[in-house]
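The exercises below are to be worked with the sequence and the model side by side. Each task is followed by a solution that goes step by step.

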Amino acid sequence: QIYERDGDGVGFITAEGVTEDSSSPFGGSQSGTATGSGFLIDTDGYMVTNNHVVEGSDNITVTLGNSDTSYDAEVIGTDPSTDLALLKVEPKQPLAAVAFGDSDRTRVGDWVIAIGNPFGLGGTATAGIISARGRDIQSGPYDDYLQIDAPINQGNSGGPIFDEGGRVIGVNTMIYSPNGGSGGIGFAIPASTGAHVIGELR
């Protein structure tokens, strides 16, 4: 039900001019093409994603939901310290959007659903639980992540984590993996932080 209702509010991002760099705590960037995910926070086309997905990019394209409709996107603002970015597309009609929830109310063991673009496979939904809260992974000045075990992989960066009510409680940003694939340990920026930062960028 969450996928059917909210999936069209999730976008799949191609950023030309950069690629994710796994040697960096946030993925980083180098020349090439990066793919990631994002989600619309209003019907006018504002989209949240990770800074490392779009950092240094020359051209950004967003494809929404399971449609073939693509839009050019503009970077409105970024906050490298939290690895968040705000994009804007220009739709001809109102778009489907999702809403931030209250991540402060989430508890370890709560069910979550991730929707994103792993390995370019757009419209992929995976499920799991919150494994830990307030996780400090020594990745920089910001360290207050939700740890989840829903499978996420390269390309899920910037995508939403939904609670059972269909509210976004986290933004996927990083995985812990010895081989580059999902190891059942992912990290998401809490919605409480995301909503505040995005509000400032907007």
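**Exercise 1: The barrel and its strand order**

In this predicted model, a closed barrel of 6 strands runs in the order 7-8-9-12-11-10, and its pairing is antiparallel. Neighbouring strands of this sheet are turned against each other by 45 degrees on average, with direction ignored.

Task: Determine how many bridges join strand 7 to strand 8, and which residue of strand 8 stands opposite W111.

Solution: Begin with strand 7, residues 111–116, and strand 8, residues 124–135, which pair in the antiparallel sense over 6 bridges. Within this pairing, W111 stands opposite I129 of strand 8.

**Exercise 2: The pairings of strand 10**

Task: Follow strand 10 to strand 7 and to strand 11, and state how many bridges are found in each pairing.

Solution: Strand 7 and strand 10 pair in the antiparallel sense over 2 bridges, and here I113 stands opposite F162. Next, strand 10 (residues 160–162) pairs with strand 11 (residues 168–175), again antiparallel, over 3 bridges, with P160 opposite V171. Finally, helix 3, residues 191–201, lies across strand 11 and strand 12, running at about 50 degrees to strand 12.

**Exercise 3: The setting of S131**

Task: Classify S131 as buried, partly exposed or exposed, and name the residues that it touches.

Solution: First place S131 in strand 8. Its relative accessible area is 28%; because partly exposed covers the range between under 20% and over 50%, S131 is partly exposed. Leaving out residues up to four places away in sequence, S131 touches V108, Q147, I148 and D149. As a last step, compare S131 with F187: they are 56 residues apart in sequence and 9.8 Å apart in space, C-alpha to C-alpha.

Conventions
Residues are numbered from 1 along each chain as its sequence is written. This is a predicted model: local features need pLDDT of at least 70, side-chain atom pairs count only at pLDDT 80 or more; totals for chains, interfaces and linings use all residues. Side-chain values use heavy atoms; hydrogens and water are left out. Two strands pair if DSSP finds at least two bridges between them. Helices (H or I, at least four residues) and strands (E, at least two) are DSSP runs, numbered from the N terminus. Axes are lines fitted to C-alpha atoms, for helices over the stretch in contact, and angles run from 0 to 180 degrees between N-to-C directions. Contact means heavy atoms within 4.5 Å. Buried means under 20% relative accessible area, exposed over 50%, partly exposed in between (1.4 Å probe, protein chains only).
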